[in-house]
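Here's a quick briefing to read alongside the structure. Have a look at it first, then work through the topics below.

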Amino acid sequence: MQDVREWTSSLVRLVRRHRDPVVVQALRSTAAATVAYVIALRLSPEPAPLTAPLTALLVVQVTLFATLTTSIRRVNSVVAGVLVAIAFSLLVGLTWWSLALVILAALAVGHLVRVDEFVPEVAISAMLVLGVTSVGSTAWARIVETLIGAAVGLACNLLLAPPVWTEHASESIEGLARRVRKLMLHMGEELTGGTPVERAAARLHEARRLDHDIADVDAALRQAEDSLKLNPRVREGLLHRVVLRTGLDTLEICTVVLRVLARTFTDLTKEREPEPLFSPQTSALVQQLLGEIADAVVSFAVLVTTDVSVSAESAESRLAAELRQAGTTRDKLAQLLLEEVQRDVSNWQLHGAVLTEVNRILDEMDTEHRSQRLLEELDRHTRAQRERRSRWTRFGDRLGAPAGLRRNREDARERSL
């Protein structure tokens, strides 16, 4: 029986690995490079046309959108490098100083033709072509192989839909939310006793390090957004992109406010050391409030990364309940802080700052606030798409409509105005 369970679990892990975007991308890249090499063997005069599989490997990016945007730059970089090598081969041979000039000229040409990240490929192509004996034939063979590799890579992404990276982006967003929750819980736990200044400063540095996590999550989200563009496997790509992007923007604002809150605690610790930051009753309530907000942050991340409508409704209901509870605790804390300020007005600015920062986090995660922002972003993207379509329509009218018809349209437009 145990052997059956182990075999079943192994099968489940294997199926999950086959669905992993990394595994899917590796298989697609291998297939594209192999097909490109087979085709190049028949069409290229070179005995080992490795430029074709190399180009296919680089052209088959993780998303179809990236493939379409990088294929042209990739081909341009190789062709530019080959032309530089041909020009130098007609003037000088291969020496250390000519190699240096070729590299310098190729890098300069790469920036001039704006191949962006493929600028080093211009120099690589120039060196490879310059280093062979029969420069002319090899140069044209390299161009042919590059075109073959680019065509195969593009066809691979058109025929075999690239993987969608939204799951990876969702995991990154939820991971960020859990790190924020962990930090908030630690900050709340340290309020019960006398917090040393060094420990409060350490929490502040930890909050600042969340900026690096934001950058990593943003990179994963950009990859997911590209994977949703022009992908036939995705029906509501715009909605997914907007939901994830607005969710990350909200979490980023929360991390910024959390960093300010950690700075407020640090300043308050410096002012009150060695005494506790708050009274025992207030400290317990602040700890409770931070715990409730921490749970709400995770629920918010789960909400923005949930695709199924039923699960999304459940996550939204849970988030709304947690925010209501946190709002109730916040009101109690406001009353206690007011009483403490009335007894001792020396640190009233810092006490008010704590309440202000807590309110800002709760307001950012409010469901109505999120829905309003989501609608605004969808409207903005829809207007942008409509404007792009109208520009293409006007351009097509100018190209296809006769001059007399265009004049009649313009006259009708002027009369309508």
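The accessible surface of the chain adds up to about 23,000 Å², and carbon and sulfur atoms account for 58% of that. Keep in mind that this is a predicted model. The chain has 417 residues, 42% of them buried, and its secondary structure comes as 15 helices and 0 strands.

**Overall build**
- Take the contacts between residues at least 6 apart in sequence: 78% of them join residues at least 24 apart.
- A nonpolar patch of about 390 Å² sits on the surface, made by Leu94, Leu99, Ile124, Met127 and Leu128.
- Which helix gives the most to that nonpolar patch? That's helix 6 (residues 119-130), with 3 residues.
- Leucine 99, one of the patch residues, is found in helix 5 (residues 96-112). Its relative accessibility is 30%, so leucine 99 counts as partly exposed.

**How confident is the model?**
- The mean pLDDT of the chain is 76, with 73% of residues reaching 70 or more.
- Among the elements, helix 11 has the highest mean pLDDT, at 90, while helix 15 (residues 403-416) has the lowest, at 44.
- Residues 401-410 stay under 50 in pLDDT, and the model gives this stretch 6 contacts beyond four places in sequence.
- Residues 412-417 are also below 50, with 0 contacts in the model beyond near neighbours in sequence.
- As a rule of thumb, predicted coordinates should not be read in detail where pLDDT is low.

**Two helices to pick out**
- Helix 11 covers residues 280-304, which is 25 residues. From first C-alpha to last it reaches 36 Å, close to the 36 Å expected at 1.5 Å a residue.
- Why is helix 11 described as largely enclosed by the rest of the structure? Because 18 of its 25 residues are buried.
- Helix 13 (residues 348-364) has 17 residues and spans 25 Å between its first and last C-alpha, close to the expected 24 Å.
- The buried residues of helix 13 include Leu350, Val354, Leu355, Val358, Ile361 and Leu362. His351, Glu357 and Glu364 of helix 13 are on the buried list too.

**Salt bridges**
- Side chains of opposite charge can pair when their charged atoms come close.
- How many salt bridges does a search of the whole structure find? The count is 9.
- Aspartate 211 pairs with arginine 259, with their closest N and O atoms 3.0 Å apart. Aspartate 211 is in helix 9 (residues 197-228) and arginine 259 in helix 10 (residues 237-272), so this salt bridge ties together parts 48 residues apart in sequence. Aspartate 211 is partly exposed, at 36% relative accessible area.
- Arginine 245 and aspartate 218 form another salt bridge, with closest N and O atoms 2.7 Å apart. This pair also links distant parts of the chain, with arginine 245 in helix 10 and aspartate 218 in helix 9, 27 residues apart. Aspartate 218 has 21% relative accessibility, so it counts as partly exposed.
- Arginine 263 forms a salt bridge with aspartate 267, at 3.2 Å between the closest N and O atoms. These two are 4 residues apart in helix 10, so about one helical turn separates them. Both arginine 263, at 40% relative accessibility, and aspartate 267, at 24%, count as partly exposed.
- Glu190, Arg203 and Glu206 are joined into one network by salt bridges that share partners.

Conventions. Residues numbered from 1 in each chain as written. Predicted model: local features only at pLDDT ≥ 70, side-chain atom pairs only at ≥ 80, totals over all residues. Heavy atoms only, no water. Expected span 1.5 Å × (residues − 1). Buried < 20%, exposed > 50% of the residue type's maximum accessible area, 1.4 Å probe, protein only. Patch = residues over 30% accessible without salt bridge, like charges linked within 9 Å, V, L, I, M, F, W, Y side chains within 5 Å. Areas by Shrake-Rupley, 256 points an atom, 1.4 Å probe, with all protein chains shown as cover. Salt bridge = Lys/Arg side-chain N within 4 Å of Asp/Glu carboxyl O. pLDDT = per-residue confidence, 0-100. Contact = heavy atoms within 4.5 Å.
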